[in-house]
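Got the viewer open? Put the chain on screen as a cartoon, keep the selection box handy, and we'll walk through it stop by stop.

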Amino acid sequence: MAAAVPDAPAVDRRRSGAGEVWFRFSRHRLALASVFVLAALVLGVVLGPVLWPTAIDDIDFSAMLQGPSAAHPFGTDDLGQDLLARMIYGGRISLAVGVAAMLVATVVGLTVGSLAGMSRGALGPLLMWVTDLFLALPQLPLLLLLIYLFRDALKRVFGVEGGVFVMIVLVIGGLGWMPVARLVRAQFLSLREKEFVEAARSQGGTTLHLVLRHILPNALGPVIVAGTIEVSSAIIAESTLSFLGLGFPPDIPTWGRILFDAKDHLDTATHWALFPGLAIFLTVLSINFIGDGLRDALDARRVV
């Protein structure tokens with residue numbers, strides 16, 4: 001009788017680091033769907049002028065406050081201007097403000113958090129005291145005050161559109177770095193005592209080398225998640241400022257500005273507020289779900 005052939009050993013197909021992150025992220029169905037929604041929105045505002053080359057300032061009084069139609073898929077405003085064209089133009093500005101403000105907040109937060117996390121003297125508590133001070137400030141009134149004080153000066157330096165863009169990005173980013181700084185400090189305080197950091201320090205590694213080579217790469221996961229949330233917060237802040245009439249001027253139709261212009265016609269032209277509001281809602285919701293998916297994917301302790 002022939003001997004039974006033993007089963008072949010199971011092949012351990014280990015995924016790479018990036019493959020493991022993608023596998024975990026893809027298991028989050030809402031995050032995966034949000035990637036496609038956000039990609040569609042970004043492609044829409046980037047390629048929109050090619051697919052819908054209507055000028056944002058074409059006035060047609062015969063088409064005032066019309067609802068969605070073949071000629072105007074998103075309808076028109078009180079001047080007969082095409083809302084789809086204005087939505088496409090404004091979407092580029094709103095998304096650019098969100099990304100730029102996120103970069104400002106992340107850079108400042110990384111700098112403050114890493115200095116506080118690596119400091120073993122009075123610098124760390126001092127930086128955290130400053131961070132707590134900024135966290136205690138009421139953000140919306142402070143945003144309004146700073147914009148009121150510096151709007152005209154920046155307009156003279158960078159022009160109308162450029163000045164408002166720089167001002168909004170700096171103000172929103174400058175008031176959004178505190179959660180990133182606290183998160184980075186907590187990560188640094190934990191990682192700086194790990195064995196691999198102590199081994200690198202014992203081999204003569206400088207503090208800068210330890211931070212850039214060993215600590216910062218291992219702390220970037222939570223920072224990336226916080227950055228995605230900061231994008232959505234910046235978009236909401238810009239929309240709030242524009243809705244209050246303190247953001248971009250009326251001839252620059254960001255999503256928040258379109259909502260501001262539509263507020264007096266909610267009963268007669270609901271579509272005017274519906275589409276920009278829906279765009280803001282979908283953008284913020286998809287970014288938040290992507291942040292949730294990244295949090296789960298970058299958590300090495302999570303078992304899938």
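**Stop 1: the whole chain**

Start zoomed out. A compact globule of 304 residues would have a radius of gyration near 19 Å, but this protein chain comes in at 25 Å. That radius is taken over C-alpha atoms, and the globule rule is 2.2 Å times the number of residues to the power 0.38. Rotate the C-alpha trace and you'll find that it spans about 85 × 75 × 30 Å along its principal axes.

Before going on, some housekeeping. This is a predicted model, where local features need pLDDT of at least 70, side-chain atom pairs count only at pLDDT 80 or more, and totals for chains, interfaces and linings use all residues. Residues are numbered from 1 along each chain as its sequence is written, and side-chain values use heavy atoms, with hydrogens and water left out.

Now colour by secondary structure. The protein chain has eleven helices and zero strands. Helices (H or I, at least four residues) and strands (E, at least two) are DSSP runs, numbered from the N terminus.

How much of the chain is buried? Buried residues make up 41% of the 304. Buried means under 20% relative accessible area, exposed means over 50%, and partly exposed is in between (1.4 Å probe, protein chains only). Contacts, meaning heavy atoms within 4.5 Å, often link distant parts of the sequence: among those between residues at least 6 apart, 70% join residues at least 24 apart.

**Stop 2: α3 and α7**

Select residues 83-118 for helix α3 and residues 178-191 for helix α7. Their axes come within 7 Å and cross at roughly 35°. Axes here are lines fitted to C-alpha atoms, for helices over the stretch in contact, and angles run from 0 to 180 degrees between N-to-C directions. The crossing of α3 past α7 is right-handed. A crossing gets that name if the near helix is turned clockwise from the far one by less than a right angle, and left-handed if anticlockwise.

Show side chains at the contact: α3 brings residues including Ala105, Leu110 and Met118, while α7 brings Val180, Arg185 and Leu189 among others. The contact residues divide into ten nonpolar, five polar and one charged. For these classes, Ala, Val, Leu, Ile, Met, Phe, Trp, Tyr, Cys and Pro count as nonpolar, Asp, Glu, Lys and Arg as charged, and the others, Gly among them, as polar.

Next, click on Ser114, which sits in α3. Is Ser114 buried or exposed? Ser114 is buried, with a relative accessible area of 16%. Leaving aside neighbours within four places in sequence, Ser114 is in contact with Val184 and Phe188.

**Stop 3: α3 and α4**

Keep α3 and add helix α4, residues 123-136. These two pack at an angle of about 145°, with their axes 7 Å apart. This time α3 passes in a left-handed crossing. Val112, Leu115 and Ala116 of α3 meet Leu123, Gly124, Leu127, Met128 and Thr131 of α4. By class, that contact has six nonpolar, two polar and no charged residues.

**Stop 4: the nonpolar cores**

A nonpolar core is a set of buried Ala, Val, Leu, Ile, Met, Phe, Trp, Tyr and Cys residues joined through side-chain atoms within 4.5 Å. Select Phe25, Met87, Ile235, Trp255 and Trp272, the residues with the most contacts inside the largest core, which has 25 residues. Elements giving two or more residues to this core are α2 (29-51), α3, α9 (207-243), α10 (255-262) and α11 (270-298). Which of them gives the most? That's α11, with ten residues.

A second, separate core has 20 residues, including Met167, Ile168, Phe248 and Ile252.

Now pick out α10. Six of its eight residues are buried, so α10 is largely enclosed by the rest of the structure. The buried ones include Trp255 and Phe260, and together the buried residues of α10 pack against α2, α3, α9 and α11.

**Stop 5: two last clicks**

Ala200 is in helix α8, residues 195-202, and is buried at a relative accessible area of 10%. Measure from Ala200 to Leu210: they are ten residues apart in sequence and 7.1 Å apart in space, C-alpha to C-alpha.

Finish at Leu65, in the loop between α2 and α3. Its phi is near 55°, a positive value in a residue other than glycine. At 24% relative accessibility, Leu65 counts as partly exposed.
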